[in-house]
Amino acid sequence: MANLTSTFIGIKSPNPFWLASAPPTDKKYNVERAFEAGWGGVVWKTLGSEGPPVVNVNGARYGAIWGADRRLLGLNNIELITDRPLQVNLQEIKEVKRKWRDRALIISLMVPCDEDSWKDILHRIEDTEADGVELNFGCPHGMAERGMGSAVGQVPEYIEMVTRWVKQYSRMPCIVKLTPNITDIRRPAEAAKRGGADAVSLINTINSITSVDLDLFAPEPTIDGKGTHGGYCGPAVKPIALNMVAEIARSEATRGLPISGIGGVTTWRDAAEFMALGAGNVQVCTAAMTYGFKVVQEMISGLSQYMDEKGMASTAELVGRAVPNVTDWQYLNLNYVTKAVIDQDACIKCGRCYAACEDTSHQAIDMSADRTFTVKEEECVACNLCIDVCPVESCITMRTLDQGELDKRTGRKVGTYANWTTHPNNPAAKAAE
Ligand SMILES: Cc1cc2nc3c(=O)[nH]c(=O)nc-3n(C[C@H](O)[C@H](O)[C@H](O)COP(=O)(O)O)c2cc1C
């Protein structure tokens, strides 16, 4: 079996699956059960400074988006950082770390944006023997309104400043957790690197209102007739997270900066995708909240099997494998031409491909009187929409045209232009000639 052992910024864990800072990691009882189930590490639910206790709402904390099968696709929360006393958390962290030496235990922190508060909290956590700290510059609700969380994460100068303090006052490895509620994710990542961060983790939750109660006329979750935006996570956010991870992994300024990938990881495949795009490990929250801690066992066996099949001996061989293949649009190969093909044996004659293509795309699917659907190659632009709307997996596939083969739509032989940078319709390419 492939070796899933992971070393992330010097922190060892038996596998690359960590639980993200959230309710699954907010107490010893949870974390021990998570470790028993097989999780490689945890980032403890965010601790704040000692002071007036954090007060959560007592109505609903979550909003949700479901698929047609009622599967949870997106979760929205308005929960704050831990509302348990600091001393209780610190004592439990110490006990857990002593008992589970082979697992990674990271402490997530969020305190006011001043040097003394950070110095103080770092001093307090020192003797827990935790493996590292994660700076929560990400939560977009409740704490941001108090000048913490994403309020810090949206200002690169603050990120750099706080990260510097943390590196100055602590010997622990430092992960900076980024907010996706920003225009260009590379800027905060660069700031974290400048401040001396050992790694970044992303994404924290996305600002959202999941739904509106149309009787109360208020956002959900509704607390006594009012609602507020929350933080969105779960499978629905994975595409956004993957792109942000890739942006950091391939950017010159942050190349080589270790990344912990977070956002919608539910299966081993999700994890492998994050890792291929440059994440050294992954963190999971919603999948554990939806399916329980044992979901990690599927992740472990699935990733091992995949790595065995690919002949990968360690996770290091997977990390970043897809990064060189992420490029900018203008470098995509215009010689690569495909056409849709419908497998008549698999087709259930529902007509979705026809409706989508006829009404909204390129009128490239023909429907006969007996509802046989065929592709008109002379119209097909290979947009893929027919595949995306077809309810039968692999019923529609794309056939790649050979070099030199006639593309019936353009009337040109495949192989004429390498990419947009040399295309005759590109004014920049013409100017360069
Ligand atoms: C109820 C809830 C509470 C959360 N609390 C925290 C927190 O205290 N600190 C933090 O850094 N992230 C917190 N998060 C964000 C998660 O750590 C994670 O970044 C996010 O949920 C995306 O991962 P997922 O799609 O696997 O859930 C919370 C998420 C949820 C759902």
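**Exercise 1. Work out which residues line the largest pocket and lie nearest its centre.**

Start with the count: 24 residues line the largest pocket, and Leu 334, Asn 335, Tyr 336, Val 337 and Arg 409 lie nearest its centre. (On a 1 Å grid over the protein atoms alone, a pocket is an open set of points with protein on both sides within 12 Å along at least five of seven lines, and lining residues have an atom within 4 Å of a point.) Next, look at the elements: β17 (338-342) and β22 (412-413) each give two or more residues to this lining. (Strands are DSSP runs of E, at least two residues, numbered from the N terminus.) Finally, the volume is about 650 Å³, counted as the space filled by probe spheres set on the grid points.

Keep in mind that this is a predicted model: local features need pLDDT of at least 70, side-chain atom pairs count only at pLDDT 80 or more, and totals for chains, interfaces and linings use all residues. Residues are numbered from 1 along each chain as its sequence is written, and side-chain values use heavy atoms, with hydrogens and water left out.

**Exercise 2. Find the polar contacts that the ligand makes with Lys 45, Thr 46 and Cys 285.**

A polar contact here is a pair of N or O atoms within 3.5 Å. Take the ligand nitrogens: one is 2.9 Å from a polar side-chain atom of Lys 45, and one is 2.6 Å from an N or O atom in the side chain of Thr 46. Then the oxygen: a ligand oxygen sits 2.9 Å from a polar backbone atom of Cys 285. To finish, check burial: alone, the ligand exposes 610 Å², and the protein buries 99% of that (Shrake-Rupley method, 1.4 Å probe).

Note on methods: A polar contact is a pair of N or O atoms within 3.5 Å; within protein, one must be able to donate a hydrogen and the other to accept it, and residues adjacent in sequence count only if both atoms are side-chain atoms. On a 1 Å grid over the protein atoms alone, a cavity is a set of points where a 1.4 Å probe fits but cannot get out, and a pocket is an open set with protein on both sides within 12 Å along at least five of seven lines; lining residues have an atom within 4 Å of a point. Helices (H or I, at least four residues) and strands (E, at least two) are DSSP runs, numbered from the N terminus.
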